[in-house]
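Reader: I am new to this structure and would like to look through it with you. Could you show it to me, please?

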Amino acid sequence: MLHINRPHGHYIGQVRRVGAQKWRTVTKPRRSAHHALAAAVLAGKGMKRARVLFIDNSGWYDPHIVMEANLD
């Protein structure tokens with residue numbers, strides 16, 4: 001028997017400053033990772049890094065990093 005895991009969830013964009021350790025969520029939940037990254041980059045003026053997390057709605061899985069960007 002084959003089991004295919006296709007979790008349902010959403011994507012959020014986060015940014016952080018130079019030297020900071022904590023990420024700040026700057027986007028609302030999005031259906032696409034590309035849209036979440038674009039919104040995070042636009043909202044991240046003066047920031048160093050941006051990333052996109054996939055959040056599973058079922059609660060079984062931890063957030064998963066999908067993309068990262070360097071905003072230099």
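Author: Certainly. Please note that this is a predicted model. One place to begin is valine 15, which stands opposite arginine 24 in S2.

Reader: How many bridges pair S1 with S2, and in which sense?

Author: There are 2 bridges between S1 and S2 (residues 24-25), and the pairing is antiparallel.

Reader: And which residue in S3 is the bridge partner of glycine 13?

Author: That partner is valine 52. Strands S1 (residues 9-16) and S3 (residues 49-56) run antiparallel and are joined by 8 bridges.

Reader: Turning to the interior, which residues make up the largest nonpolar core?

Author: It has 12 residues in all, among them Tyr11, Val15, Leu37, Val52, Phe54 and Met67. At least two residues of this core come from each of S1, helix H1 (33-43), S3 and strand S4 (64-70). H1 gives the largest share, with 4 residues.

Reader: What is alanine 33 in contact with, leaving aside its neighbours within four places in sequence?

Author: Alanine 33 is in contact with Tyr11, Val52, Val66 and Met67. Alanine 33 is itself a member of the largest nonpolar core.

Reader: A different topic: where is lysine 45 found, and is lysine 45 buried or exposed?

Author: Lysine 45 lies in the loop between H1 and S3. It counts as exposed because its relative accessibility is 67%, and the cut-off for exposed is over 50%.

Reader: What separates the C-alpha atoms of lysine 45 and arginine 17?

Author: Those C-alpha atoms are 9.6 Å apart, while the two residues are 28 residues apart along the chain.

Conventions. Residues numbered from 1 in each chain as written. Predicted model: local features only at pLDDT ≥ 70, side-chain atom pairs only at ≥ 80, totals over all residues. Heavy atoms only, no water. Pairing = 2+ DSSP bridges. Core = buried A, V, L, I, M, F, W, Y, C linked by side-chain atoms within 4.5 Å. Buried < 20%, exposed > 50% of the residue type's maximum accessible area, 1.4 Å probe, protein only. Contact = heavy atoms within 4.5 Å.
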